[in-house]
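Trainee: Please take me through one part of this model closely, at the level of single residues. I would like to see how that part fits into the rest of the chain.

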Amino acid sequence: MSRTVSIALAMTAALCVGATGAYAHPRLQASNPAPGAKLNVAPKEIRMTFSEGLVAPFTGLELKNNSGKVISTSKLTFAAGDARRIVVPIGARLTTGSYTVIWHAVSVDTHRISGSFTFKVVR
């Protein structure tokens with residue numbers, strides 16, 4: 001095999017591996033409330049949009065107040081049947097204070113990710 005062909009094959013392989021790794025996991029694209037938001041009106045649900053479709057039984061979140069107490073939430077659903085957008089109703093009225101959303105998600109290609117963000121109700 002010529003040196004030029006060997007170099008071309010090596011470069012193609014490197015590009016393929018790099019492209020696969022870059023898009024291997026879903027990403028959180030947006031949420032409502034947004035990370036760091038200061039809200040005058042307490043939200044009644046948490047909405048999150050991901051870059052890939054998710055598997056509902058392996059995706060969810062936990063909502064905690066600034067004391068670490070878990071706030072009840074209802075069952076996760078997909079917004080308008082779109083497996084990239086989840087909606088989680090909040091089961092209690094939120095009062096003034098800081099809240100942390102701790103989430104985890106598994107994409108349809110079985111990659112698991114997790115993260116957290118905070119928001120405040122400032123009324």
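Mentor: Start with one facing pair: Leu 61 has Trp 103 of S8 opposite it. Before going on, note that the model is predicted, so local features are used only at pLDDT of at least 70 and side-chain atom pairs only at pLDDT 80 or more, while totals for chains, interfaces and linings take in all residues. Residues are numbered from 1 along each chain as its sequence is written, and side-chain values use heavy atoms, with hydrogens and water left out.

The strands come next. A strand here is a DSSP run of E with at least two residues, a helix is a run of H or I with at least four, and both are numbered from the N terminus. Two strands are said to pair if DSSP finds at least two bridges between them. S4 and S8 run antiparallel and are joined by six bridges. S8 is also joined to S9, by ten bridges, and these two strands run antiparallel as well. One facing pair there is Val 106 and Arg 112, the latter in S9. S8 and S9 make a hairpin with five residues between them, and in its turn Thr 110 has a positive phi of about 75 degrees. On S9 there is a further partner: strand S2 (residues 38-39) runs parallel to strand S9 (residues 112-121), with two bridges between them. In that pairing Lys 38 faces Lys 120 of S9.

Put together, these strands belong to an open sheet of five, in the order S2-S9-S8-S4-S5, with mixed pairing. S2 and strand S5 (70-71) are at the edges with a single partner strand each, so each has one side without a neighbour in the sheet. As a general point, side chains in a regular strand alternate between the two faces of the sheet.

Now look at the rings. Rings of Phe, Tyr and Trp (for Trp, the six-membered ring) pair if their centres lie within 6.5 Å; planes under 30 degrees apart are called stacked, over 60 edge-to-face, and the rest tilted. There are two aromatic pairs in the structure. Phe 50 and Trp 103 make an edge-to-face pair, at 5.3 Å centre to centre and with 70 degrees between the planes. This pair links distant parts of the chain, since Phe 50 is in strand S3 and Trp 103 in strand S8, 53 residues apart. Are these two residues buried or exposed? The cut-offs are under 20% relative accessible area for buried, over 50% for exposed, and partly exposed in between, with a 1.4 Å probe and protein chains only. Phe 50 has 0% relative accessibility and therefore counts as buried. Trp 103, at 8%, counts as buried too. The other pair is Tyr 99 with Phe 119: their ring centres are 5.7 Å apart and their planes at 25 degrees, so this pair is stacked. Tyr 99 belongs to strand S8 and Phe 119 to strand S9, 20 residues apart, and this pair also links distant parts of the chain. Both Tyr 99 and Phe 119 are buried.

Phe 50 also leads to another sheet. Phe 50, in S3, is the bridge partner of Leu 28. S1 and S3 run antiparallel, with four bridges between them. They are part of an open sheet of four strands in the order S1-S3-S7-S6, with antiparallel pairing. Strand S1 (28-32) and strand S6 (77-78) are its edge strands, each pairing on one side only.

One loop residue is worth a stop. Thr 59 is in the loop between strand S3 (45-50) and strand S4 (60-65). Thr 59 counts as buried because its relative accessibility is 8%. Contact means heavy atoms within 4.5 Å. Leaving out residues up to four places away in sequence, Thr 59 touches Leu 54, Leu 76, Ile 86, His 104, Ala 105 and Val 106. A polar atom of the Thr 59 side chain also lies 2.8 Å from the backbone oxygen of Val 55.

For contrast, take Arg 93, in the loop between strand S7 (85-89) and strand S8 (97-106). Arg 93 counts as exposed because its relative accessibility is 68%.

Finally, the whole chain. It has one helix and nine strands, in the order α-β-β-β-β-β-β-β-β-β from the N terminus. Of its 123 residues, 32% are buried. Among contacts with a separation of 6 or more, 60% are between residues 24 or more positions apart.

How values were computed:
Polar contact = N/O pair within 3.5 Å; in protein donor to acceptor, adjacent residues only side chain to side chain.
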